[in-house]
Amino acid sequence: MAEFLTKEDKRTHYCGTLTEADIGKTVSVMGWVQRQRDLGALIFIDLRDRTGLLQLAFDDTTPKTVFEKAFSCRAEYVVAVHGTVRARGEGAVNPNLPTGKVEVYVTEMKILSAAQTPPFEVSDSKKVKDETALKYRYIDLRRPELQKNIRMRHELARVAREYYYENGFMEIETPMMIKATPEGARDYLVPSRVHKGSFYALPQSPQIYKQLLMLSGFDRYIQLARCFRDEDLRADRQPEFTQIDLEMSFATQEDIMEMNEGFIVRAFRELMGIELETPMKRMTYAEAMERYGSDKPDTRFDMEIQNVSDVVADCGFGVFSGAVQGGGSVRAIVAKNAAATLTRKEIDKLTDHAKGIGAKGLAYIRWVDEAPAISFAKFLSDDEQKALIAALGLEKGDVALIVADKNRVVLPTLGALRNLLARKLDLIDPKKFNFLWITEFPFFEWNEETGAWDAMHHPFTMPMEECLPYLESDPGSVRAKAYDMVLNGTELLSGSIRITDWQLQEKMFNALGLTAEEIEKKFGFLVDAYKYGAPPHGGSGMGLDRLAMVMAGADSLRDVIAFPKVQNASELMSGCPAPAEPKALADLSIAVIDTENQ
């Protein structure tokens with residue numbers, strides 16, 4: 001039978017906070033039983049709460065009823081105890097625990113909740129299948145590692161609010177049910193009971209509303225905003241997430257970047273004891289793609305992409321010469337001293353990976369013996385082979401991987417292979433934090449499926465002034481006042497300076513193929529707002545979850561979110577999403593049709 005807390009049962013300390021300075025104190029602690037050790041006349045219990053472990057001691061001087069309760073305890077029982085802090089016996093000190101030099105001699109005990117045997121042990125050392133851990137997430141969250149990660153996320157939120165408040169930002173909530181507007185991903189739709197056949201959308205970001213706040217004169221806005229995107233999941237993506245969302249009026253791109261740098265510096269100093277250098281390095285989008293094949297490059301290791309198009313443009317290998325003549329390029333990455341690891345079998349796997357990304361194949365040079373093995377040697381003369389090896393700076397023990405095609409295929413393929421090889425060859429220092437600003441993104445990107453130009457960021461981004469003449473004649477050359485903050489190959493922040501001239505905004509909509517009717521229907525209220533005096537402004541959205549993931553050293557966003565979704569966007573613990581009751585659907589005038597079996 002469970003016992004109950006009374007007003008006299010006041011917790012005085014958390015388990016992980018007691019030290020030698022507390023010896024002799026009478027304390028009350030509460031938590032979960034990690035384990036119980038019965039040594040006959042002596043019982044020890046490791047008690048756990050969110051701060052750590054504490055040893056409880058029971059012996060032949062302990063009141064009999066208390067000793068019997070201790071004897072009955074099993075893993076995950078919830079207990080409250082009262083007793084005296086004392087030094088551990090000689091030879092019983094645990095140097096691996098902050099509380100390892102003390103224990104509590106228990107004189108009173110209440111079993112607040114008896115627990116069934118859990119489906120897995122609450123321990124960081126015991127691996128559990130993801131499906132099981134997520135089904136019993138409330139137990140999984142008791143693990144010290146996840147407790148630490150969730151604390152990190154909480155502390156980041158605290159530091160963010162403190163920092164931005166101190167810099168004059170106001171936290172303003174924006175609506176969670178909004179009008180659907182195109183922002184890149186599918187919207188989650190919410191049907192309206194009152195307005196039959198109409199739907200709200202859950203916000204992919206507070207983009208339009210925070211711009212309207214600038215037009216309303218609030219000057220500096222901040223929000224820890226919940227965002228929703230119906231898109232395929234991966235390790236650093238969830239359908240619902242939180243971003244540190246901000247907007248600043250009368251600010252330049254440099255002002256916004258500097259403000260965000262200040263937050264990052266403070267967060268790393270306060271939460272990790274790490275001093276970061278500022279200003280952070282800058283790199284244009286074009287340079288990042290040329291050197292790393294990615295707009296979020298991991299710069300903790302070298303292996304930059306090399307362009308050897310000039311060397312092979314006129315060679316006898318049609319794959320190379322044809323790519324150059326067709327307006328593409330031939331490029332390579334060189335893995336130094338990797339020939340022993342990158343066997344032919346491993347290179348075949350890399351080739352399959354490259355094909356999966358979109359490349360037609362993967363050429364290679366693998367130098368193990370006196371002469372290098374070249375997969376395309378029969379198509380090149382000796383002089384051409386030597387020229388290529390020299391251009392690549394290839395030495396014995398190295399491996400070069402080469403891709404020839406259009407740049408939109410070559411660069412991302414080599415970028416992906418570069419990251420894959422870095423992990424395989426253990427080239428990444430996990431203790432490094434390399435921050436980088438990527439700037440001057442293309443405004444437009446060509447959509448092969450629709451045969452039209454899309455906005456790479458969103459249609460409210462300001463083009464660079466020198467690019468305005470090319471809006472209609474050459475959209476592919478238009479660069480935007482857009483910027484991303486990248487950390488170790490992860491995009492942490494995306495932002496831009498916004499368009500504030502309503503005529504320019506309409507021109508951008510037209511360039512994206514929107515008709516006047518579509519502009520009025522989707523964005524009429526925003527365009528109208530610009531007509532009543534709009535200050536220059538810009539802002540950003542920083543992924544709170546992603547930042548917490550990187551700072552905590554976690555492998556996935558799941559590890560910093562209390563109740564995450566799995567890859568098919570379901571939550572295994574509660575079983576959502578689930579079918580709705582027929583009456584609820586009828587109230588919304590919604591019918592569910594089984595299209596798969598039609």
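**Helices, contacts and backbone features of a predicted model**

Student: Which residues does Q253 touch, not counting residues up to four places away in sequence?

Tutor: Q253 is placed in helix α6, where helices (H or I, at least four residues) and strands (E, at least two) are DSSP runs numbered from the N terminus. Contact means heavy atoms within 4.5 Å. With residues up to four places away in sequence not counted, the residues that Q253 touches are T439, K481, A482, Y483 and I497.

Student: On what basis are such features reported?

Tutor: The model is predicted, so local features need pLDDT of at least 70 and side-chain atom pairs count only at pLDDT 80 or more, while totals for chains, interfaces and linings use all residues. Residues are numbered from 1 along each chain as its sequence is written, and side-chain values use heavy atoms, leaving out hydrogens and water.

Student: How many helices and strands does the chain have, and what share of its residues count as buried?

Tutor: The secondary structure comes to 16 helices and 22 strands, and the C-alpha trace spans about 90 × 75 × 60 Å along its principal axes. Buried means under 20% relative accessible area, exposed over 50%, and partly exposed in between (1.4 Å probe, protein chains only). Among the 598 residues of the chain, the share that count as buried is 46%.

Student: Of the contacts in the chain with a separation of 6 or more, what percentage is accounted for by residues 24 or more positions apart?

Tutor: One contact of Q253 in α6 is with I497, and Q253 and G533 are 280 residues apart in sequence. The C-alpha atoms of Q253 and G533 lie 21 Å apart in space. Over the whole chain, residues 24 or more positions apart account for a share of these contacts equal to 68%.

Student: Is E261 buried or exposed, and which side chain does its own side chain join in a polar contact of 2.7 Å?

Tutor: E261 lies in helix α6 (residues 253-272) and counts as buried because its relative accessibility is 4%. Leaving aside neighbours within four places in sequence, its contacts include T278, P279, M280, R282 and M485. A polar contact is a pair of N or O atoms within 3.5 Å; within protein, one must be able to donate a hydrogen and the other to accept it, and residues adjacent in sequence count only if both atoms are side-chain atoms. The side chain that E261 joins at 2.7 Å belongs to W437.

Student: Which residue precedes P279 in a cis peptide bond?

Tutor: P279 is placed in the loop between α6 and β11 (281-284). The cis bond has an omega of about -5°, whereas most peptide bonds are trans. The residue joined to P279 by this bond is T278.

Student: Which residue is joined by a cis peptide bond to P577?

Tutor: P577 lies in the loop between α15 (544-552) and α16 (582-587). The cis bond has an omega of about 0°, and the residue it joins to P577 is C576.

Student: Why do the buried residues of α1 lie on the same side of the helix, and what arc do they cover?

Tutor: In helix α1 (residues 64-72), the buried residues are V66, F67 and A70. What covers them includes β1 (26-38), β2 (43-49), β3 (52-58) and β5 (102-113), while the face turned away from the buried side carries the exposed residues K64 and T65. The buried residues lie on the same side of α1 because the arc they cover around the axis is only 100°.

Student: Which residue caps the N-terminal end of α13?

Tutor: In helix α13 (residues 502-511), L504, Q505, M508 and F509 are buried. These buried residues pack against β18 (444-447) and α14 (516-530). At the N-terminal end, a side-chain oxygen lies 3.0 Å from the backbone nitrogen of Q503, and it belongs to the capping residue, D501.

Student: Which residue follows α13 and has a positive phi?

Tutor: The phi of this residue is near 85°. The residue that follows α13 is G513.

Student: What is the phi of M303, and what is that of A569?

Tutor: Most residues other than glycine have a negative phi. M303, in the loop between α7 (285-292) and β12 (306-307), counts as buried at 10% relative accessibility. A569, in the loop between α15 and α16, is partly exposed at 23%. Both values of phi are positive: for M303 near 55°, and for A569 about 65°.

Notes. Arc of directions from axis to C-beta.
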